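Please open the model in your viewer and keep the sequence panel beside it. The tour below moves from one selection to the next and says what is to be found at each stop.

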Amino acid sequence: MYLARLQQEGEDRFCQSPMDQCVNVERELEKVLQKFSSYGQHCDRTLEELVEYTSGLKQEILQTSGEDPELPGTLTLVLSQCCKRVKDTVQKLASHHKDIHSSVSRVGKAIDKNLDSDLGSVGIEGCWQTESQQLLSEVMVEHFFRQGVLDVAEELCQEAGLCIDPTQKEPFVELNRILEALKLRDLRPALEWAVENREMLVAQNSSLEFKLHRLNFITLLMGGTANQREALQYAKNFQPFALNHQKDIQVLMGSLVYLRQGIENSPYVHLLDSTQWSDICDIFTRDACSLLGLSVDSPLSVSFSAGCVALPALINIKAVIEQRQCIGVWNQKDELPIEVDLGKKCWYHSVFACPILRQQTTDNNPPMKLVCGHIISKDALNKMINGSKLKCPYCPMEQVPADAKQIYF
């Protein structure tokens, strides 16, 4: 309750959410961009008028002066007015440009006001020991392998003193090679990989191979009647998928009727949606990572995203703790002083909180199942033992504490 009250005070103090803070900075930035755009248009228009005016005056002077080197008094006066007009125009443009400087400075002030740069205040001293540093380096190496920047990963291995098995990077090399080909709309490497791993893909109910054939067939359709015979011949590849993808195959076959007038002018125009190429990249990445026993997103990117979500709340509670001088509230390296909701994307395993002590169970305090079926934490069980008996807090059943069994999620 005490930490909850501190958290509420922190939220009251920093009432704006991180998104609101970013919006405030973006609002000031948009003002500057609008002023730059307006100033640029004004400059172009003003300078064009000035050039047109001076060019006309030049032509008039050339026609009037002729062979006489001395300018008439009228032209001298007009030329003097032209110089004054040029000078005034330049001064006005310079004055308008100075106004933009103040807007740019306001963006810097908005950044300082809305975005806290002291991120080190929420760090815990000693959390990066030798073992932790090595683990972080390994996670970074895997992330670079996933991104296809092998030279960076190998350089990090050398500098961090890591011994990475060469076979560990081979799957990532192949994965990135196929993804690069898909981005260039080359389906051949992905199809070869899908055929090679067909049994494992079928075992996990993957539709990758069918969707690759489907996209290849659509590519042939885009060639019009010139590819009609080739498309019909290629349609034989759909035979193994007829049972599970019957409706999709029927749609593809029906589109052949409109080859003469063009698929783009037919009811099957949705087959030409360009987003299919980005979708096939996502499907391939998901299925390939599944076969490799990897998550779709690298652990480093997931940790970074989670940190971005948790950081504002931690900064808030840290500031309130320091302001209220609450020593000892946050001194555990393996837990946070408040609960941070990272969203369902970061739910990787079940979490059990003891309904008696209202604490999340840990390895040292695991969940225990009583004979009656109710579950409490081990610490709660120990505190409720009365002699050699234990009475369930939810039902009147009495039981022997030793009969409770630890459960695993």
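Begin by selecting helix 6 and helix 7, which are oblique to each other. In this predicted model, the two helices pack at an angle of about 135 degrees, and their axes lie 7 Å apart. To see how the contact is made, show the side chains of Glu 174, Arg 177, Ile 178, Ala 181 and Leu 182 on helix 6, together with those of Pro 189, Ala 190 and Trp 193 on helix 7.

Stay with Trp 193 and display its surroundings, leaving out the neighbours within four places in sequence: the residues in contact with Trp 193 are then Glu 174, Ile 178, Leu 201, Leu 208, Phe 284, Ala 288 and Leu 291.

Next, widen the selection to the nonpolar core. Which residues of the largest nonpolar core touch the most other members? Among its 37 residues, these are Leu 182, Trp 193, Leu 208, Leu 212, Phe 217 and Phe 284. Colouring by element shows where the core comes from, since two or more residues are given by each of helix 6 (166–183), helix 7 (188–196), helix 9 (208–221), helix 10 (228–234), helix 11 (246–254) and helix 12 (275–292). Helix 9 gives the most, with 8 residues. A second core, separate from this one, has 10 residues, including Met 368, Ile 376, Cys 392 and Cys 395. As background to both selections, nonpolar side chains in soluble globular proteins tend to be buried together.

Now move to helix 4, which spans residues 130–147, and select Glu 142 within that helix. Glu 142 is buried, with a relative accessible area of 19%, a value that falls under the 20% cut-off for burial. If residues up to four places away in sequence are not counted, Glu 142 touches Phe 172, Leu 294 and Pro 299. Draw a distance from the C-alpha of Glu 142 to that of Ser 298, and the viewer should give 7.6 Å, although the two residues are 156 positions apart in sequence.

In helix 4, select Ser 137 as well. Ser 137 counts as buried, at 14% relative accessibility, and its contacts, apart from neighbours within four places in sequence, are with Leu 156, Ala 160 and Leu 162.

The cysteines make a useful stop for anyone planning to look at sulfur positions. How many disulfides does the structure hold? The number is 0. Select Cys 157, for which the nearest cysteine sulfur is that of Cys 163, at 8.8 Å; Cys 157 is itself buried, with a relative accessible area of 10%. Then select Cys 392, where the nearest cysteine sulfur belongs to Cys 372 and is 3.5 Å away. That pair is not counted as a disulfide because the two sulfur atoms would have to be within 2.5 Å. Cys 392 counts as buried too, at 4% relative accessibility.

From there, turn to the strands and show the open sheet of 3 strands whose order is 2-1-6, with antiparallel pairing. Strand 2 (375–377) and strand 6 (405–406) are the edges of this sheet, and each has a single partner, so one side of each is left without a neighbour in the sheet. Strand 1, residues 367–369, is joined to strand 2 by 3 bridges, and you can pick out one residue pair by selecting Lys 369 and its bridge partner in strand 2, Ile 375.

Before leaving this region, select Thr 361 in the loop between helix 13 (299–324) and strand 1. Thr 361 counts as buried, at 14% relative accessibility, and, leaving aside neighbours within four places in sequence, Thr 361 is in contact with Phe 352, Pro 366, Pro 367 and Ser 377.

The other sheet to display is also open and has 3 strands, in the order 3-4-5, with antiparallel pairing. Its edges are strand 3 (385–386) and strand 5 (398–399), each of which has a single partner strand, so one side of each lacks a neighbour in the sheet. Strand 3 and strand 4 (residues 389–391) are joined by 2 bridges, and Ile 385 stands opposite Leu 390 in strand 4.

Finally, zoom out to the whole chain, which has 14 helices and 6 strands. Of its 409 residues, 31% count as buried. Among the contacts with a separation of 6 or more, 58% are between residues 24 or more positions apart.

Conventions: Residues numbered from 1 in each chain as written. Predicted model: local features only at pLDDT ≥ 70, side-chain atom pairs only at ≥ 80, totals over all residues. Heavy atoms only, no water. Core = buried A, V, L, I, M, F, W, Y, C linked by side-chain atoms within 4.5 Å. Buried < 20%, exposed > 50% of the residue type's maximum accessible area, 1.4 Å probe, protein only. Helix = DSSP H or I, 4+ residues; strand = E, 2+ residues; numbered from the N terminus. Contact = heavy atoms within 4.5 Å. Pairing = 2+ DSSP bridges. Axes fitted to C-alpha atoms, helices over the stretch in contact; angles between N-to-C directions. Parallel < 35°, antiparallel > 145°, perpendicular 65-115°, else oblique.
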